[in-house]
Amino acid sequence: MNTTDADVRRLSAASVEATPETSARVLENVFLKNTWYVLGWSEEFRTSGPHGRLIAGEPIVLYRGADGILAALEDRCPHRWAPLSKGRVEGEAIRCMYHGIKFGRDGRCLEIPGQTTVSKALQVRSYPVVEKYSLVWVWPGSVERADPNTIPDLSMLVEADRRIRHGSLEYEAHATLICDNLLDLSHIAYLHEKTFGRPPDAPSASRPRPMFQGGSPSEALDNGVRVEGWMDSATHRNIAVPAKVPDGDLWARTDFLIPGIYSSHLQMFPAGSAESQRWKVPSSELTPLSDSMSIQAVTPLTERTSRYFFSLGARMCDMDDEELNRVWGVTRATFSEDVNMIQAQQQMIDRYPGRRMAGIGADRGLVLFRRLMQKLIAAETGT
Ligand code: FES
Ligand SMILES: [Fe+2]
């Protein structure tokens with residue numbers, strides 16, 4: 001199913017009838033499998049473990065072998081189904097601590113206490129796992145399709161001249177609702193009026209003004225959706241830009257990529273730059289006054305639980321530790337506001353499972369992304 005601009009206009013028109021793209025029906029326990037999910041920040045797995053986790057409904061045990069390399073196995077011993085995360089790491093292997101069966105990093109059974117032979121039936125599933133950009137990525141789909149080169153470029157997370165803060169939050173909500181939220185900037189003025197929201201003199205709903213000017217408002221990419229454009233100082237006043245450059249024209253580009261990776265780059269240029277660049281992508285010859293970023297990731301755990309990873313980074317020369325900590329505090333408060341609202345939204349959805357939601361214009365980005373996800377899941381499941 002190809003999504004055309006006409007489809008999106010139809011779906012996002014204020015008077016549009018409710019559609020599957022905006023309904024609760026996508027909040028089922030059907031997850032994309034052939035993709036790289038963020039399992040956690042690398043620093044969570046400094047110790048050998050084992051660490052029990054969930055990804056897209058699958059229990060996974062992660063451990064670091066004596067050689068320092070991570071292994072990801074199904075967190076269920078094939079014998080009597082004890083979790084391997086209650087086991088013990090031995091060299092580059094893991095031993096189930098119920099009856100002592102030992103497994104290698106590739107999932108093969110290496111030893112059964114009291115037996116001289118091992119059975120192939122005792123194989124445990126092994127998942128491709130990669131550490132990249134200070135994150136741990138796991139592929140829950142077909143092993144032969146796992147290509148680490150398809151992990152999105154998040155190199156802003158590891159640039160030497162950047163100060164970074166990062167964290168994570170647990171949600172009692174389906175991952176799709178969190179992705180919807182990150183693709184919909186219209187909620188910032190209202191849900192985050194006390195944190196990141198626009199100042200009181202910002203336009204009201206009766207006098208709407210787009211958050212971005214120029215650029216591309218929600219453009220479909222092969223693997224996601226791009227939102228980019230210029231913001232004037234009235235709009236970006238409360239956003240995470242350094243205090244030393246309060247005025248100017250802010251260029252922001254956010255890519256939201258399969259399966260739920262948010263990568264946002266914010267660059268402040270001297271006032272008048274938007275005009276001189278004709279409201280288009282700034283030329284690489286233009287030097288930014290400041291440069292900040294945020295990388296985030298949404299990972300489904302189960303049908304009703306998710307983990308949200310987030311970060312904030314500024315150039316060393318733009319913010320010192322104290323300023324970055326202050327902005328980080330506001331950022332965390334902002335994300336807590338999202339948690340409260342989205343969990344309440346999930347409860348409402350579950351109370352009225354047969355009902356459909358209605359769309360508005362600001363839903364364009366999330367409609368594009370939901371359609372892309374549905375297309376990929378349908379191709380995988382054959383539905
Ligand atoms: S359940 Fe793992 S060894 Fe028996
Ligand atoms: Fe938000």
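Cysteine 317 counts as exposed, because its relative accessibility is 55% and the cut-off for exposure is over 50%. Cysteine 77 counts as buried, because its relative accessibility is 2%, under the 20% limit. The model examined here is predicted. A search of the whole structure finds zero disulfides.

The iron ion (ligand 2) is held by protein donors from His187, His192 and Asp338. Each histidine contributes NE2, and Asp338 appears twice through OD atoms. These donors lie 2.1 to 2.4 Å from the iron ion. In sequence, the donor residues follow the spacing H-x4-H-x145-D. Histidine 192 and aspartate 338 thus link distant parts of the chain, 146 residues apart. Histidine 192 sits in the loop between α3 (188-191) and β13 (219-221). Aspartate 338 belongs to helix α6 (residues 321-351). Both histidine 192 and aspartate 338 are buried.

The geometry of the iron site is irregular. Angles among the four donor atoms run from 56 to 150 degrees. A tetrahedral assignment is excluded because it requires all angles to lie between 85 and 135 degrees. For four tetrahedral donors, the ideal angle is 109.5 degrees.

Strands β2 (residues 51-55) and β3 (residues 58-64) run antiparallel. Five bridges join the two strands. Leucine 54 has proline 59 of β3 as its bridge partner. Two residues lie between the strands of this hairpin. There, alanine 56 adopts a positive phi near 45 degrees.

Key:
Residues numbered from 1 in each chain as written. Chains lettered and ligands numbered in written order. Predicted model: local features only at pLDDT ≥ 70, side-chain atom pairs only at ≥ 80, totals over all residues. Heavy atoms only, no water. Pairing = 2+ DSSP bridges. Helix = DSSP H or I, 4+ residues; strand = E, 2+ residues; numbered from the N terminus. Donors = N, O, S within 2.8 Å, 3.2 Å for Na, K, Ca; no water. Tetrahedral: all angles 85-135°; square planar, octahedral: opposite > 155°, others 65-115°. Buried < 20%, exposed > 50% of the residue type's maximum accessible area, 1.4 Å probe, protein only. Disulfide = S-S within 2.5 Å.
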